[in-house]
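This report introduces the structure shown below to a reader who has not met it before. It turns to a single residue and then to the nonpolar cores.

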Amino acid sequence: MTERFGKDMVIALATAEKGVPYVRYVNACYENGAFYVITYALSNKIKHLENNPVIAIAGEWFTAHGRGINLGYFGKEENHRIAKRLKEVFSEWIDNGHTDFGDENTVILCVELTDGLLISHGTRYEF
């Protein structure tokens with residue numbers, strides 16, 4: 001997982017609201033059993049998680065389920081370690097004006113994986 005997803009990767013992230021699935025592509029990075037995404041607290045993905053934290057994700061030869069957790073403001077002390085990592089991983093685009101780190105609605109979404117399937121070098125890994 002770290003070999004393939006421990007860097008800036010675009011994955012599909014799905015949430016559900018009132019039985020309707022919503023899928024969008026996000027930049028994410030994998031670390032220690034979870035994917036991390038920088039997003040906006042008022043986005044639909046965060047709103048959906050308030051009612052239903054179950055998330056599905058998919059990437060290159062990979063699919064999984066997880067629990068979405070809004071870690072809160074990117075700049076808060078508790079997020080310092082992962083925020084620093086995300087700034088490094090997303091360095092190619094993070095300062096392009098799209099992300100406002102002064103806005104407390106800029107948050108980190110953690111997707112803790114619960115189960116998944118990865119195909120790597122011809123081997124199938126299920127967890």
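## Basis of the description

Two residues are in contact, or touch, when heavy atoms lie within 4.5 Å. The model described here is predicted.

## Thr15 and its surroundings

Thr15 belongs to strand β1, which spans residues 9-17. Because its relative accessibility is 4% and buried means under 20%, Thr15 counts as buried.

The side chain of Thr15 takes part in polar contacts with two other side chains: that of Arg24, at 3.0 Å, and that of His48, at 2.6 Å. When residues up to four places away in sequence are left out, Thr15 touches Val20, Pro21, Tyr22, Arg24, Lys45, His48, Leu49, Val54 and Ile55.

## The largest nonpolar core

In soluble globular proteins, nonpolar side chains tend to be buried together. The largest nonpolar core in this model has 21 residues, of which Phe5, Phe35, Ile57, Phe62 and Leu113 touch the most other members. At least two residues of this core come from each of β1, β2 (20-31), β3 (34-40), α2 (44-51), β4 (54-59), β5 (62-73) and β6 (106-120). The largest share, 5 residues, is supplied by β6.

Phe5 has contacts with Ile11, Cys29, Tyr30, Phe35, Gly59, Glu60, Phe62 and Leu118, again not counting residues up to four places away in sequence.

## A separate core

Apart from the largest core lies another, made up of 16 residues. Its members include Tyr36, Phe74, Leu86 and Trp93.

Terms used
Residues are numbered from 1 along each chain as its sequence is written. This is a predicted model: local features need pLDDT of at least 70, side-chain atom pairs count only at pLDDT 80 or more; totals for chains, interfaces and linings use all residues. Side-chain values use heavy atoms; hydrogens and water are left out. Helices (H or I, at least four residues) and strands (E, at least two) are DSSP runs, numbered from the N terminus. Buried means under 20% relative accessible area, exposed over 50%, partly exposed in between (1.4 Å probe, protein chains only). A polar contact is a pair of N or O atoms within 3.5 Å; within protein, one must be able to donate a hydrogen and the other to accept it, and residues adjacent in sequence count only if both atoms are side-chain atoms. A nonpolar core is a set of buried Ala, Val, Leu, Ile, Met, Phe, Trp, Tyr and Cys residues joined through side-chain atoms within 4.5 Å.
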